Amino acid sequence: MSENYQPSSVGRKAAGVFAPVAALFSRGTKNQQDLYVEPNNNSAQPAFNDMHAGDIERGYSDAGYADEKMLGGVEKDLDVEDSPIEMVRMAVSNKDDPNMPCLTFRSWVLGIIFAVGLAFVNQYYWFRENPITLNGYVVQLLSFPLGYIMALVLPKRKFRTFGWEWTLNPGPFNIKEHVIISIFAGTSVGTTYGIDVVTIKKMWYHTDMGFGPSILFILTSQIMGYSFAGFSRRFLVYPAAMIWPSTLVSVTLFRTFHEIQNFGSRLTRTWVFWICFAGSFLWYFIPGVIFPALSFLAILCFIAPANIYANQLGDAFNGVGMLNFTLDWSYISSSYTQSPIAIPWIYACNVFAGFVLVMWVATPIGYYRNTWNTQLMPMYTATLYQTNGTEFEIDQVMTANNMLDEAKYASYGPLRMTFTYAMTYGLSFAAITNLLVYIALTYGKDIVQRVRQARQMDDDIHMRLMHRYKEVPLWWYAVTFAITFAVSIVVCEVWDMLPWYWVILATFIPFIFTIPIGIVQALSNQQPGLNVITEFIIGYGRPEDPIANVTFKVYGYITMAQALVLVSDQKLGHYMKLPPRHLFIAQLVGTIICSFVQLGVAFWLMATVDHMCTKEGMPFTCLQANTFFSASVIWGLVGPGRMFGPGSPYHPVMYLFILGVLLPFPFWYLSKRFPNSWAKHIHTPLLFIAIGYMPPAPSHVYTNWFIGCFFFNYLWHKYFNRAWQRYAFALSAGLDCGLAISGIIVYYIFLKVELPQWWGLNVYHCPLAAYGKANYKEMMDI
């Protein structure tokens, strides 16, 4: 039931490959020996004159920090003082060179190029059957040699424009430019949530807003978060106690790029990237064109193609994906799972265990017991149904203005969904309560202590170093809020998306929750989601209006999530000593570019791809948009009262929140009672990760992702650790990039090509799984 927001950030999701690893820096993981990148404690020494021109990977060996001589007038105590937080001392340098250029010509050019490129690729693949996401590590990896090359070839001549002096080449490519490029482009890593609304309005509700109103809607929902980020920075960014663990991973990786490390090998990360890029690019022609069956090797269906049980248990589209393997990297490193290299082995085991319990244990039990007459439907899908097992047609129950017609609904029959889909909604309630209890048990004392410290501590070394730079005035954020708030009301009223008073309430929610949830995330690296809460509020407050429901969710939930993404980036800039105004400009411009490019890609595809968002439009089946549409019907058109109220068969799933409350306690007790037992490796919030994408994700992606985790993050990481540290992320980025480019080229080259028919072109080897067990024979005859 994936409605998960995929925020874009270098410190969090924008460094998508790093975000899961960030928990390594949080409390309670020291004994797990999962720390991937160890910061070099001697890395704060400068070496601007130590250039290794023969090795682009290492480039300039400066860490981006200066010693006492280079700092000139900096007080001596700033050179020896360090952060009061141990994990910050491990990762972040306590030195800064205020004369180091940051927002340069190079950073503008590379930042814009990567922002456009990632926005295009990630939005393009969002509509596909197997979406992938190019993450922040791609930007970090490629911008480093490109910045180095630009420093070598660009002229150093100075120009004067309107009294402002500037140059194409201010000197060696440095770490601050590298960071701000990644923040620039990081806005394009996640797909813009508002495009979900634009897509379902056009493709399912047949009310096209047009590009102009759509871009205003997306810009307001994205940029409004800046104001809340600015208003909360004194609570979430400035205090040393607000750690933001995920940013420490990014800091470590940036410093790894810019500091000399002798790994005993001439093979650089850049070479590994391009080798893997070429291999992935060429290989995708096999599963993408010549032999698509390699994407879904359904062993059970090969053994018993006419057996309904084998089909339902083995299929990846409408079954639970048992013994369904793939040789297609796009199903191993998908946007649902991210790269298998991105998560420590112990955490991967937690995620996969949750998947197995839900999909391979609970789902077959509930389905074959015919709970809620679910055998009239396929075992696994986000499609909605009538009580007789036929697909639910919303046109049969809607008025002309896309509202529910109660008389038509009563005549047509109630809405039904599969056992898996209903259960994942119940588990989403459990996931919220579980996360809150888990955080309270695991981080409660730390949170209370750090909040007290935040009020009592003096400025730490990093805050004092940041005093050198001009801060972003509060009125910048106030003006940003005033403009976006006013435009959002106009857009929602003029195009009948949401009444103005509901826009005000939606805006009030992030105003209340940004700081408390930000404190939790800053200390625990966990963000309790408000999406279900916002759906409940608008679902009961304005039932029978699907567009109002999803619009309220965008402004009520995404605004806060976007604000915390921006706060995380501000903390990264704080640690890396980026001028705040430069950071503000990079975030704002990157967000605007991302919004225009991603919306342009969406409109282009919807206008040019035949049968878009249907099975006939393969590979552009819009699985994620289809799930978002189903959620709009459940929570908006029909409403939570009818779907989950006392008279509904799905009412019992509401009580799964009790499971979320109770689940952390036994593992917490065992980990305290037996500190070295297996219980310390159980992290209950991770057990709910997979259900956030089930559906729409093909059910075999987590199995194959877990196999990849075993090879990369257990075997390779354990037995060849030095090579893993050096090359793992370069390998992942190369495979992802090669696949992304190859997928686009393959589609348009072979769009009109008729290939000779043979068995390997078929990816649907479990045809019976598309029907319910109780009626598959009858449905196949229709």
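Cys349 is partly exposed, since its relative accessible area of 27% lies between the limits of 20% for buried and 50% for exposed residues. The structure in question is a predicted model, and the accessibility of Cys349 is therefore a value computed from predicted coordinates, at 27% of relative area. A second cysteine, Cys276, falls on the other side of the lower limit, because its relative accessibility of 13% is under the 20% that defines a buried residue. As to bonding, Cys349 takes part in no disulfide, and the nearest cysteine sulfur, which belongs to Cys709, is 8.4 Å away; this separation is not within the 2.5 Å required for a disulfide, so that the pair is not counted as one.

Elsewhere in the model, two disulfides are present. In one of them, Cys301 is bonded to Cys766, with a distance of 1.9 Å between the sulfur atoms. This pair links distant parts of the chain, given that Cys301 belongs to helix α12 (residues 299-303) whereas Cys766 is placed in the loop between α29 and α30 (776-781), 465 residues apart. The torsion about the S-S bond is 110°, and the link of Cys301 and Cys766 is right-handed. Neither end of this bridge is exposed, as both Cys301 and Cys766 are classed as buried.

The other disulfide is formed by Cys613 and Cys622, whose sulfur atoms are 2.1 Å apart. Here the value about the S-S bond is -75°, and the link of Cys613 and Cys622 is left-handed. Burial is found at both ends of this bridge too, for Cys613 as well as for Cys622. When the bonded cysteines are numbered in sequence order, the connectivity of the protein chain reads 1-4, 2-3.

With regard to the chain as a whole, 30 helices and four strands are assigned. Of the 782 residues in the protein chain, 62% are buried, and the accessible surface amounts to about 29500 Å², with carbon and sulfur atoms contributing 64% of that area. Among contacts with a separation of 6 or more, 82% are between residues that are 24 or more positions apart.

The burial of individual elements is illustrated by helix α7 (residues 194-203), which is mostly covered, with eight of its 10 residues buried. The buried residues of α7 run from Gly194, Ile195, Asp196 and Val197 through Val198, Thr199 and Ile200 to Lys201. The cover over these buried positions of α7 includes the helices α4 (105-126), α8 (211-236), α21 (546-576), α22 (580-608) and α23 (623-638).

Packing between helices was also examined for α10 (residues 269-283) and α29 (residues 721-749), whose axes are 7 Å apart and meet at an angle of about 35°. The crossing of α10 past α29 is right-handed. By residue class, the contact of α10 with α29 comprises 14 nonpolar, four polar and two charged residues.

Local backbone geometry includes two cis peptide bonds that precede proline. The bond joining Met618 and Pro619 is cis, with omega of about 10°, and Pro619 is situated in the loop between α22 and α23. The peptide bond from Pro695 to Pro696 is likewise cis, with omega near 25°, and Pro696 has its place in the loop between α27 (684-687) and α28 (701-719).

Positive phi values in residues other than glycine were found at Trp372, where phi is near 60°, and at Asn373, where phi is near 55°. Trp372 lies in the loop between α14 (345-368) and α15 (406-412), and Asn373 is likewise placed in the loop between α14 and α15. Trp372 counts as partly exposed because its relative accessibility of 21% is not under the 20% limit for burial. Asn373 is also partly exposed, since its relative accessible area of 47% is not over the 50% that marks an exposed residue.

Key: Residues are numbered from 1 along each chain as its sequence is written. This is a predicted model: local features need pLDDT of at least 70, side-chain atom pairs count only at pLDDT 80 or more; totals for chains, interfaces and linings use all residues. Side-chain values use heavy atoms; hydrogens and water are left out. Axes are lines fitted to C-alpha atoms, for helices over the stretch in contact, and angles run from 0 to 180 degrees between N-to-C directions. Helices (H or I, at least four residues) and strands (E, at least two) are DSSP runs, numbered from the N terminus. A crossing is left-handed if the near helix is turned anticlockwise from the far one by less than a right angle, and right-handed if clockwise. Ala, Val, Leu, Ile, Met, Phe, Trp, Tyr, Cys and Pro count as nonpolar, Asp, Glu, Lys and Arg as charged, and the others, Gly among them, as polar. Buried means under 20% relative accessible area, exposed over 50%, partly exposed in between (1.4 Å probe, protein chains only). Contact means heavy atoms within 4.5 Å. Accessible areas come from the Shrake-Rupley method with a 1.4 Å probe; for residues, only the protein chains shown count as cover.
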